[in-house]
Each structure stands twice: as C-alpha cells, then as structure tokens.
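Visitor: Please walk me through this structure. I will ask short questions and would like short reasons.

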Amino acid sequence: QVQLVESGGGLVQAGGSLRLSCAAAGRTFSSYDMGWFRQAPGKEREFVAVVSWSGGSTDYADSVKGRFTISIDNAKNTVYLQMNSLKPEDTAVYYCAAGAFSRYPGSFGAWGQGTQVTVSS
C-alpha cells in the first residue's frame, strides 16, 4: 500500500500560478501511474491529469490542457502539478492518486487527503 500526501494548495488570483506536490511513501512508487483529480463543492470528482510511472506518457482534461503540466520524479517519490493561468473555475480540492493510467477514479486504489486551491476573480 502506498500513502500519499499533497501540498502546495492555497489562495491565488486569477491568472496566477501554483505548483502542487504529492509525496508518496510505502510500496515502490515506480509501480504506479499517478493522477490528479479535483472536486468542487456540490460537484463530482473529476479527472485533471495523469502521468505514467516512467513519465513518458501524460493525459489531460480538455479544461486544463495547455495550462497545467503533470510531472513525476521517481527519485523523490513525488508527482507534481504545475498550474498556470488559473481561473476561478479551477477552485476545488485537488487529490493525487496512485493506480493505472486512466481518466477514471475507479482505476486508482490509493488517494491523498486533498489540498484546497482557491482562485479569486
């Protein structure tokens, strides 16, 4: 079992940037593909981005493509989400997850506790 801890959330103005980090401990980190999801109040959890364990493949939701970048550092057991040109509609709790390369939450067996991102207009 792998344990995940997110950090880096906060309050930022529209157009600003944040970098989220997700540190993993436990089972070999490089066994998993890693994803980021988000959930806004009153909405379902939605896919943001996923990266393969090697870092060679990535996939993004259309709503963040060109603004967000996911990356993985296996030496540090950490996955990152660089978020640029943030919009108020990006406001949500962001979760990292470990599992299979997919857009579906059910493909991920381990989740972090989440970190709040708030974008003011």
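Guide: What follows is a tour by question and answer. This is a predicted model: local features need pLDDT of at least 70, side-chain atom pairs count only at pLDDT 80 or more, and totals for chains, interfaces and linings use all residues. Residues are numbered from 1 along each chain as its sequence is written, and side-chain values use heavy atoms, with hydrogens and water left out.

Visitor: How many disulfides does the count come to?
Guide: A disulfide is a covalent bond between the sulfur atoms of two cysteines. Here the rule is a pair of cysteine sulfur atoms within 2.5 Å. Cys-22 and Cys-96 form such a pair, with their sulfur atoms 1.9 Å apart. By this rule the count comes to one disulfide.

Visitor: What is the handedness of the disulfide of Cys-22 and Cys-96?
Guide: Look at the torsion about the S-S bond. For Cys-22 and Cys-96 that torsion is about 45°, so the disulfide is right-handed.

Visitor: Which strands hold Cys-22 and Cys-96, and how many residues apart are they?
Guide: Strands (E, at least two residues) and helices (H or I, at least four) are DSSP runs, numbered from the N terminus. Cys-22 is in strand S3 (residues 18–26) and Cys-96 in strand S9 (residues 92–99). The disulfide links distant parts of the chain, 74 residues apart.

Visitor: Is Cys-22 buried or exposed?
Guide: Buried means under 20% relative accessible area, exposed over 50%, and partly exposed in between (1.4 Å probe, protein chains only). Cys-22 has 0% relative accessibility, so Cys-22 counts as buried. Cys-96 also has a relative accessible area of 0%, so Cys-96 is buried.

Visitor: How many aromatic pairs does a search of the whole structure find?
Guide: Rings of Phe, Tyr and Trp (its six-membered ring) pair if their centres lie within 6.5 Å. Planes under 30 degrees apart count as stacked, over 60 as edge-to-face and the rest as tilted. The search of the whole structure finds four aromatic pairs.

Visitor: What kind of pair do Phe-37 and Phe-108 make?
Guide: Their ring centres are 5.2 Å apart. Their planes are at 75°, so the pair of Phe-37 and Phe-108 is edge-to-face.

Visitor: How many residues apart in sequence are the parts that Phe-37 and Phe-108 tie together?
Guide: Phe-37 lies in strand S4 (residues 33–39). Phe-108 lies in strand S10 (residues 108–111), so the pair ties together parts that are 71 residues apart in sequence.

Visitor: What kind of pair do Phe-37 and Trp-111 make?
Guide: The ring centres of Phe-37 and Trp-111 are 5.1 Å apart. Their planes are at 55°, so the pair is tilted.

Visitor: Which residues do ring pairs link into a cluster?
Guide: Phe-37 pairs with Phe-108. Phe-37 also pairs with Trp-111. Ring pairs link a cluster of Phe-37, Phe-47, Phe-108 and Trp-111.

Visitor: Which residue has its charged end over the ring of Trp-111?
Guide: A charge sits over a ring if NZ of Lys or CZ of Arg is within 6 Å of the ring centre and within 35 degrees of the ring normal. One charged end sits over the ring of Trp-111, 4.8 Å from its centre. A face of Tyr-95 is covered too, at 3.8 Å from the ring centre. In both cases the residue is Arg-45.

Visitor: Which side chains along S7 point to one face and are buried?
Guide: In a regular strand the side chains alternate between the two faces of the sheet. Along S7, Thr-69, Ser-71 and Asp-73 point to one face and are not buried. Those that point to the other face and are buried are Phe-68, Ile-70 and Ile-72.

Visitor: Over how many bridges do S7 and S8 pair?
Guide: Two strands pair if DSSP finds at least two bridges between them. S7 and S8 form a hairpin with four residues between them. Asp-73 stands opposite Thr-78 in S8. The sense is antiparallel, and the number of bridges is six.

Visitor: The side chain of Thr-115 reaches the backbone nitrogen of which residue?
Guide: Thr-115 lies in strand S11 (residues 115–120). Thr-115 is buried, with a relative accessible area of 10%. Its side chain reaches a backbone nitrogen at 3.2 Å, that of Gly-9.

Key
Polar contact = N/O pair within 3.5 Å; in protein donor to acceptor, adjacent residues only side chain to side chain.
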